[in-house]
Amino acid sequence: KTAYEIKQCDWSSDVCSSDLVAIVGDVLHSRVARSLVQALRLVGAHVTLVGPPPLLPEGLGVERSYDIRDITSADIVYVLRMQRERMEEGANYVPSLREYTARWGVTLDRLTASQRVMHPGPMNRGVEIDPRVADSPQALVVDQVKAGLVVRMAVLYLMLGGTEMNA
């Protein structure tokens, strides 16, 4: 659904090429991230993973960066939340949530005016994403949810025996 939404975007600027996508956050524990990377690569996007070293797995065939400033070249900044419930008990992937926010949180001052922001939800406002970013015109989260609903409906229709898709 996300790759679909990115490629279907109809923004009022020239930025809609969506060739450069930065995925920021806890990629290691994310159920979304691996399939997202595969789908984005299939539609021709260049993907960079950005976040703390322990949360960026190797072997996904994309660039990795530990510097939040590397999101500035992306058309889309796709933000992932910290998956604390999936982390091993007692493991320290980041020193604290406060440091995580300071070093890798997506804030207005870290974005350019032409960038768009996506997030699969649920959001930890004030941790991985500044509330002002989440509520800004740059955030495509509502459109992302709408596209996800349409894609899920189409898949269910076809799985239940539907034979025609009328556009």
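Two strands count as paired if DSSP finds at least two bridges between them. With that in mind, here are some close-up views of this predicted model.

**View 1. The open sheet has five strands.**
Welcome to the sheet, where the strands follow the order β3-β2-β1-β4-β5 and pair in parallel. Strands β3 (63-65) and β5 (116-118) stand at the edges with a single partner strand each, so one side of each is left without a neighbour in the sheet. On average, and ignoring direction, neighbouring strands here are turned by 25 degrees against each other.

**View 2. Strand β2 pairs with β1 and runs parallel to it.**
Five bridges hold this pairing of β1 and β2. Look for Ala-22, which stands opposite Thr-48 in β2. As for its surroundings, β2 is mostly covered, with four of its five residues buried.

**View 3. Strand β2 also meets β3.**
Here β2, made of residues 46-50, is joined to β3 by three bridges, and the two strands run parallel. A handy pair to find is Val-50 and, opposite it in β3, Ser-65. Strands of a sheet pair through backbone hydrogen bonds, either parallel or antiparallel.

**View 4. Helix α2 lies across three strands, β1, β2 and β4.**
You can trace this helix through residues 33-42, while β1 covers 20-24 and β4 covers 76-79. Relative to β1, helix α2 runs at about 175 degrees. Together, β1, α2 and β2 form a β-α-β unit that is right-handed.

**View 5. Arg-81 sits in a loop and is buried.**
The loop in question lies between β4 and α3 (97-104). Is Arg-81 buried or exposed? Buried means under 20% relative accessible area, and Arg-81 has 16% relative accessibility, so it counts as buried. Setting aside neighbours within four places in sequence, Arg-81 is in contact with Asp-26, His-119, Pro-122, Asn-124 and Glu-128.

**View 6. A cis peptide bond leads into Pro-122.**
One of the contacts of Arg-81 gets its own close-up here: Pro-122. This proline is found in the loop between β5 and α4 (131-134). The peptide bond from Gly-121 to Pro-122 is cis, and its omega is near -10 degrees. For background, most peptide bonds are trans.

Key:
Residues are numbered from 1 along each chain as its sequence is written. This is a predicted model: local features need pLDDT of at least 70, side-chain atom pairs count only at pLDDT 80 or more; totals for chains, interfaces and linings use all residues. Side-chain values use heavy atoms; hydrogens and water are left out. Axes are lines fitted to C-alpha atoms, for helices over the stretch in contact, and angles run from 0 to 180 degrees between N-to-C directions. Contact means heavy atoms within 4.5 Å. Buried means under 20% relative accessible area, exposed over 50%, partly exposed in between (1.4 Å probe, protein chains only). A crossover is right-handed if, with the strands pointing away from the viewer, the path from the first strand over the helix to the second runs clockwise.
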